[in-house]
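This report goes through one protein structure and its ligand, moving from the ligand site to rings, cysteines and backbone.

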Amino acid sequence: MSASPADRPRVTVNTLRRMKAAGEKIACLTAYDASLAAVEEAAGVDVILVGDSLGMVVQGHDSTVPVTVEDMIYHARAVASRCRRALLMVDMPFMSYTEPGQALRNAARLMQQGGAQMVKLEGDARQVDVVTQLARHGVPVCAHLGLQPQQVHKLGGYRVQGRERHQAEVMLADARALQEAGADVMLLECVPEPLAREITANLDIPVIGIGASRHCDGQILVVHDILGITPGRAPRFAANFLTGRDSIQAAVAAYVAAVKAGDFPTDEHLFTA
Ligand code: KIV
């Protein structure tokens, strides 16, 4: 009898590196509560992200900016209660990592009080000092490049990043610098497909895409998007996996299967240039 996904050994940073080396796709999905975490565990999701997207899909804000460290701990703890095999990644919210000391204190809270096994932070090479400090103290880090939703008011909207050649070169250099600083995983959001492919090929660490490339080492989506319950218009990079299926469990399992088989994303979910 084969073991259910939740009975397999816990996913660690080493597992993710091995999956990249073996060309096995990493299936990632957000969760914000215990019930969805249990569904995702049973479906074999490899990395569960407690994303600060909860500010929009759970709390009803129009951006992730209002989310606090306390909010993240509350939701992380709920997800951690049902997280058995998947690696639990938790977002550091807006203004919680403005300098290395503050970042270390808040990452410690997310790990000790929230149960995070990896923290995710948005930023470019300016975050090298923060990532270095976290890595030095044993905090696994995912660096989030491309569209950084916490910067929405500075960017003036949610837009594809890295379309100009010089922006693409800077993003590739930033990715290398963050890897060098100790990032364990890179996440690319809303970047042109050729650039996402190039960054993935140039990094040793696993690269997870959202609106990026099918050649990334893994994919992530917001769970509300795959269930078709996102308030307003769903983003182009998302797909509704509940359509034609009769349960949330079946939808999440279909998403995992599509990512593992390389069937998601397709061209309609990507930005060609
Ligand atoms: O907050 C979040 O859910 C995220 C994903 C969109 C990757 O960062």
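The sections below describe selected local features of this predicted model.

## Ligand surroundings

The ligand is surrounded by Thr 30, Leu 49, Gly 51, Asp 52, Ser 53, Asp 91, Lys 120, His 144, Leu 187, Ile 210, Ile 220 and Val 222. Sorted by character, this shell consists of five nonpolar, four polar and three charged residues.

Side chains that make polar contacts with the ligand include those of Ser 53, Asp 52 and Asp 91. For Ser 53, a polar side-chain atom is 2.5 Å from a ligand oxygen. An N or O atom in the side chain of Asp 52 lies 3.0 Å from an oxygen atom of the ligand, and for the side chain of Asp 91 the corresponding distance is 3.1 Å. The ligand taken alone exposes 260 Å², and 94% of that area is buried by the protein.

## Aromatic pairs

The structure contains three aromatic pairs. In one of them, the ring centres of Phe 241 and Tyr 255 are 5.5 Å apart and the planes meet at 75 degrees; because an angle over 60 degrees counts as edge-to-face, this pair is assigned to that class. Phe 241 sits in the loop between α10 (223–226) and α11 (248–261), whereas Tyr 255 belongs to helix α11, so the pair ties together parts separated by 14 residues in sequence. Both partners have little accessible area by the cut-off of 20%: Phe 241 is buried at 10% relative accessibility, and Tyr 255 is buried at 0%.

Phe 241 also pairs with Phe 264: their ring centres are 5.7 Å apart with planes at 75 degrees, so this pair too is edge-to-face. The link is between distant parts of the chain, with Phe 241 in the loop between α10 and α11 and Phe 264 in the segment after α11, 23 residues apart. Phe 264 is buried, as is Phe 241. Through these ring pairs, Phe 241, Tyr 255 and Phe 264 form a cluster.

## Cysteines

Zero disulfides are found in a search of the whole structure. For Cys 28, the nearest cysteine sulfur is that of Cys 142, at 8.5 Å, and Cys 28 is in no disulfide. A disulfide would require two cysteine sulfur atoms within 2.5 Å, so the 8.5 Å between Cys 28 and Cys 142 rules out that pair. Cys 28 is buried, with a relative accessible area of 2%.

Cys 83 is likewise in no disulfide; the sulfur of Cys 28 is the nearest cysteine sulfur, 12 Å away. The relative accessible area of Cys 83 is 5%, so this residue counts as buried.

## Backbone geometry

Most residues other than glycine have a negative phi, and most peptide bonds are trans. Against that background, three places in the model can be noted. Met 95, which is not a glycine, has a positive phi of about 70 degrees; this residue is in the loop between β3 (87–91) and α5. Cys 190 is not a glycine either, and has a positive phi of about 50 degrees. Cys 190 lies in the loop between β6 and α9 (193–202) and is buried, at 5% relative accessibility.

The peptide bond from Phe 264 to Pro 265 is cis, with omega near 0 degrees. Pro 265 is in the segment after α11. Phe 264, on the other side of this bond, is a member of the ring cluster with Phe 241 and Tyr 255.

## Other individual residues

Gln 102 is part of helix α5 (residues 100–112). Its side chain comes to 2.6 Å from the backbone nitrogen of Thr 98. With a relative accessibility of 18%, under the 20% limit, Gln 102 counts as buried.

Leu 188 is in strand β6 (residues 185–189) and is buried at 0% relative accessibility. Its C-alpha atom is 23 Å from that of His 61, and the two residues are 127 positions apart along the chain. Glu 164 is in the loop between α7 (152–155) and α8 (165–181). At 46% relative accessible area, Glu 164 is partly exposed. The C-alpha atoms of Glu 164 and Ala 273 are separated by 9.0 Å, with their positions 109 residues apart along the chain.

How values were computed: Residues are numbered from 1 along each chain as its sequence is written. This is a predicted model: local features need pLDDT of at least 70, side-chain atom pairs count only at pLDDT 80 or more; totals for chains, interfaces and linings use all residues. Side-chain values use heavy atoms; hydrogens and water are left out. A residue is near a molecule or strand if one of its heavy atoms lies within 4 Å of it. A polar contact is a pair of N or O atoms within 3.5 Å; within protein, one must be able to donate a hydrogen and the other to accept it, and residues adjacent in sequence count only if both atoms are side-chain atoms. Accessible areas come from the Shrake-Rupley method with a 1.4 Å probe; for residues, only the protein chains shown count as cover. Ala, Val, Leu, Ile, Met, Phe, Trp, Tyr, Cys and Pro count as nonpolar, Asp, Glu, Lys and Arg as charged, and the others, Gly among them, as polar. Rings of Phe, Tyr and Trp (its six-membered ring) pair if their centres lie within 6.5 Å; planes under 30 degrees apart count as stacked, over 60 as edge-to-face and the rest as tilted. Helices (H or I, at least four residues) and strands (E, at least two) are DSSP runs, numbered from the N terminus. Buried means under 20% relative accessible area, exposed over 50%, partly exposed in between (1.4 Å probe, protein chains only).
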